[in-house]
Every structure is written in structure tokens, then in C-alpha cells.
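User: I'd like to go through this structure and ask why things get the labels they get. Can you take me through it?

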Amino acid sequence: MKTDVLIIGAGGAGLTAAIAAKEAGVDVLVLTKEYPTRSQTCMAQGGINAALGNVSEDSIEDHIQNTLKSAHGLASEEAVRYMCSQAPATIEWLDKIGVCFSRTPDAKIAQRRLGGASAPRACYAQDYTGLKILHTLYDEALKQGVEIKNEKLLLELLKDDNDVVCGALMLDIRSGQKESYFAKSVVLASGGYSRIYDKNSTNSTASTGDGIAVAKRAGAELLHMEFVQFHPTGLKNSSILISESARGEGGYLLNSKGERFTNELAPRDEVSRAIDAEIKKGEEVFLDIRHLGEEFIDEGLPQERKLAKLYENVDPVHDLIPIKPVAHYTMGGISVDNNSQSSLEGLYACGECSNHRVHGANRLGGNSLLEIVVFGREAGENAAKRALDMEAHASASAKDDFLAQEFSNELNFYELRERLGDMLYNKVGIVRREHELQVALEFVQECQQNLPKMGAKDKSLRYNTNLTEFLEFRNVLDVSESVILWALARKESVGAHYVEAK
Ligand SMILES: Cc1cc2nc3c(=O)[nH]c(=O)nc-3n(C[C@H](O)[C@H](O)[C@H](O)COP(=O)(O)OP(=O)(O)OC[C@H]3O[C@@H](n4cnc5c(N)ncnc54)[C@H](O)[C@@H]3O)c2cc1C
């Protein structure tokens, strides 16, 4: 099948790119392994940053400076300036297409303060911000006539004889057949890789870094893969996120003695390390929002109350919420330039799978939803521009024949995936030591060598989740290897990468 712009992933980044490319007048096809409306973007709760100054004074310059500070010198000031200055227009556009932002009493878009921000800057829709944005983008994409095909899993990128990306090889999950799609430009918008930490992550099970692994295998440059953001407040038993908005609205962090031990609104890396240190001292750590009162919690944090009741069996109106830091956001990704173009000709990337140099060593809460819309638009427009300039489609056949191999099924990859998740959490997590990184690297590389001894036991074609999970595990290994190698190469502590000598 042929199209002008092929987009892999239908989260906030992919759908924004699709809308922008369609508006530029080209044919657009979006392929996604899950249903668009379930993409991880729907889990975002706290808000999307823009210096609107609706509830107290704020400025774009303050937004820029807060973002640069949190990035610890590893962001591009030009890219940060661009993103922050585009933020007010981005919110205006989202508002215009129908995102139902919460309002102030005088009907302005409501804003709240998230960690590391000098002002209440995050625009929100209760604590369903990502859900409302994603579903509105989906409606808009359909309205614009964007074609979206679900349950298509990216296997590999296709490259022509000149090494230019010209399409993608996909697995149709429904039929089990491989399919080739050709395009004049390809945009990867396949999300982040926090699920390499398996259950120790707030993320959707789909966040296995597939697009990054596939781009890496095709020779694309990656950037800053060592930077993984650990969110301070995952529920202790399930890792489900209790949004930063709970602390933004005035929640406290307490240890088992009932003492506050850190500045709750410091950047996430600092708060996570403070909690980790308490846990290592044998303390339990809790989030306390009881003092905010039932009425306030039900109005401003309804989802948090539901999640705590459902998954931790505590009611935050009356009880402390047991928490621990968990992998939440991945700053690393496919390296792209100011046009969202990767190091491979024909390949663009946007959203959490990309590295647009705006988060550096630590992302500010509320800046990711902003990034996916600002740079999603850029990627879609630039991919469309390239497609309009090209006369003919190239074609190619897949070089990677991973699925054609024999798999002996001697080893259970599910067990290995769980072990890997715990190993990464403990050895490639909040505090890192060189010898522990080495142990994790050896484990990953041994698993990679042993892939032929694994494989899917289920040989059926239709809806073979055993096979798709095996393919994801291969991607998890490739991405984990990159994370560890980047972590080993960075000897100093910076942002989310914190090194201890022993
Ligand atoms: C619980 C939670 C709360 C958050 N809260 C906030 C917040 O308040 N503010 C903020 O700014 N950020 C927040 N974030 C981060 C933010 O939501 C994400 O960074 C952002 O939504 C990522 O969007 P995306 O479009 O890049 O990826 P996603 O939304 O993850 O979409 C990825 C898409 O790619 C598809 N895909 C993946 N692999 C393949 C494959 N192999 N083949 C085909 N398709 C594939 C998926 O099906 C999906 O459609 C939060 C994250 C989480 C987990």
C-alpha cells in the first residue's frame, strides 16, 4: 500500500502530526498497534504547560528558564524557546478544536502549579487532561479525513537502495500477516520506553520503545537514552500514578514517623531521590492530601481518589496513600533536528519516542503534552513538505527477517522480562553504580543472544498476543541495552542520571 505520509503511532504526537500533514494537503495514513483512544496520552493527568498567566502572573521567559534549569544544561535553548513561545497558541488551538479545559470563575482556562514551575502554568481538564486532549485530537483527525488503521505492529523500517527510509513493514495483529506500506515520508510517533522497567512503571503496557528499537536497528542516531524520569508518587503496590497535581494542590510527603522530609515541589529527580533514600532507611513513604478536604479532592482530583481506592484500597480523603518512585517518562529517544528529521533521510520522529532537546536531563511536569502537540505539528508539516517535493514513491523489501528464524521455546521470555524489569529498577534506576550497570548489561546481552531459544509458543496467526509480546520483548532488550550503554558512558551525576561510586 502507498501513501504520502505514513505515521506510526496514534497518541497525541501521532494524531497532531496527522492533522498537520493532512492540512498541508497530502495523503496521510496512521498505523497503530492499539486503539488510538487508548494510547498512553490518555493517562496524562496533571496538565499541559503554557504561560497564560490566567491565575497569577507568568511569562514565557519564566517558562523557558524553568525548563532550562530542569534540563541541567542538556537542552537546546533554541528548541526550548521555540516550544515555550508556541505554548499559548497551542492551548488556543486545542481549546478551539474542543478540548474541555477546566475554567476559572471568570471563564478563563484554569491553571495549576506543577513541580519546578515558578507559577501555576499547567492548563488542565480536571485530572483527565491527556484523555480529553487525545480524544479531541482523534475526533479532529477523523473530521479531517485522516485514515487510521488499528492493530498494526511496526516490525521494521523499509529503506530504498540509497538508504532512504521509504516505508514500514508491519504485522497485522488480526490476521498475523506481514504487510508493507510505502510512503514519501515516515513519522515515528510510537511513544516512550518506561515499560522496560516492566511493572515498576506508571506507563501503559504498550510503552516498550518499539519505534526507538526499530529506528536503532535501521541505523538512526539515538540521544540521551540514559535519562529516565522516576515519578515520586506511584502507588506502592501497583505503580499506578498519583499525579503531581496532588502535590501541586498542596499535598505533603510523609515518612512512617509522620515527618515531612523534602520540598514536595522540587523537580521530580530530587523528590524521587529523597523518597528513595527514606525507603532505603527502612521507612514507608506516604502522600497526604487529607487536609485538602473531600469537596476539593472530588472537584480537582477525582481520578486520584478513584485510583487510590481501587488499586491501593485507601481513601485519600481519610487515609495516607502509600507511594514509591517508579519509571514514568523517558527523556531519551530518536535524535532529531529542528525540523523533526532524524539522522535517516525520509524518517521523522515526534513525541516521547523522539529527542527534540527540550527536556535535557529532566523533564518538567506539563512539558510533555506541550511537546507532543508543538513538535507533532512540526513533524507533520515537515513530513508533508518533503512528500509534496517528491515525485515518485520508492519501494524496497524488508531486510530483517527476524520472524523467519527458528525459535526453540526452551526459555520463557515472560519470566526474563519480569526479571529484567526488576533488575533495571534496582541497578539502572534512581541511583546508579558502574558495577551494577555492568551486571544489567550482561543480563540484557545474554537475553539478546538467547532470543532464538525463546519465541512464541502459540503458533496461531490471528490475534497472537504471545507473538506480539515476544516482539515487544526483543524491542525492550534493544532499548535497555542503549539505556545502559549511555548510562555507563556518563560518569557524572546530572538530572535523572544519578551516580554513586559504590
Ligand atoms: C500516568 C501518566 C501521566 C502523565 N501525566 C502527564 C501530564 O500531566 N502532563 C504531561 O505533560 N505529560 C504527562 N505524561 C507524559 C505524557 O502523557 C506522554 O509523554 C505523552 O502522552 C506521549 O505521547 P506520544 O504521542 O508520544 O505517545 P503515546 O501516547 O504513548 O502513543 C504512542 C502510540 O504509538 C503506538 N505504538 C507503539 N508501538 C507501536 C508499534 N510497534 N507499532 C505500531 N504502533 C505503535 C501506540 O499504539 C500509540 O498509539 C504522563 C504520562 C503517564 C504515563
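Analyst: Here are the labels one by one, each set against its definition.

Analyst: Two ground rules. This is a predicted model, where local features need pLDDT of at least 70, side-chain atom pairs count only at pLDDT 80 or more, and totals for chains, interfaces and linings use all residues. Residues are numbered from 1 along each chain as its sequence is written.

User: Why is E78 called buried or exposed, whichever it is?

Analyst: A residue is buried if 20 or more other C-beta atoms lie within 10 Å of its own, exposed if 12 or fewer, and partly exposed in between, with C-beta atoms placed from the backbone. E78 has 11 C-beta neighbours inside 10 Å, so E78 counts as exposed. E78 is found in helix α3 (residues 77-97); helices here are DSSP runs of H or I with at least four residues, strands are E runs of at least two, and both are numbered from the N terminus.

User: What makes D198 stand out in its phi?

Analyst: Its sign: D198 has a positive phi of about 50 degrees although D198 is not a glycine. D198 is found in the loop between β9 (178-188) and α5. With 21 C-beta neighbours inside 10 Å, D198 counts as buried.

User: And what about phi of N313?

Analyst: Phi of N313 is near 60 degrees, a positive value in a residue other than glycine. N313 is found in the loop between α9 (302-312) and β14 (321-330). N313 has 10 other C-beta atoms within 10 Å and is therefore exposed.

User: How do you know what span is expected for helix α11?

Analyst: The expected span is 1.5 Å times one less than the number of residues. Helix α11 (residues 413-427) has 15 residues, and 21 Å is expected; from first C-alpha to last, α11 reaches 20 Å, which is close to that. Among the buried residues of α11 are F413, L416, L420 and L424. The buried residues of α11 pack against α12 (434-449) and α13 (465-489).

User: What makes a set of residues a nonpolar core?

Analyst: The members are buried Ala, Val, Leu, Ile, Met, Phe, Trp, Tyr and Cys residues joined through C-beta atoms within 7 Å. The largest nonpolar core has 130 residues, and V5, A17 and V187 touch the most other members. This core draws at least three residues from each of domain 1 (2-226 + 331-389) and domain 3 (402-489). Apart from that core lies another, of 17 residues, among them V271, I289, I297 and A308.

User: How do you know which residues of domain 1 and domain 3 are in contact?

Analyst: Contact means that the C-beta atoms of two residues, placed from the backbone, lie within 7 Å. By that rule, 23 residues of domain 1 are in contact with 22 residues of domain 3. On the side of domain 1 that touches domain 3, α5 gives the most, with five residues. The domain bounds themselves come from an automatic or database domain assignment.

User: What makes a residue count as near the ligand?

Analyst: Its C-beta atom, placed from the backbone, has to lie within 6 Å of the molecule. Of the 45 residues around the ligand, G9, G11, G46, G191 and G351 come nearest. α10 gives the most to this shell, with four residues.

User: How do the residues of that shell divide?

Analyst: Into 16 nonpolar, 24 polar and five charged. Ala, Val, Leu, Ile, Met, Phe, Trp, Tyr, Cys and Pro count as nonpolar, Asp, Glu, Lys and Arg as charged, and the others, Gly among them, as polar.
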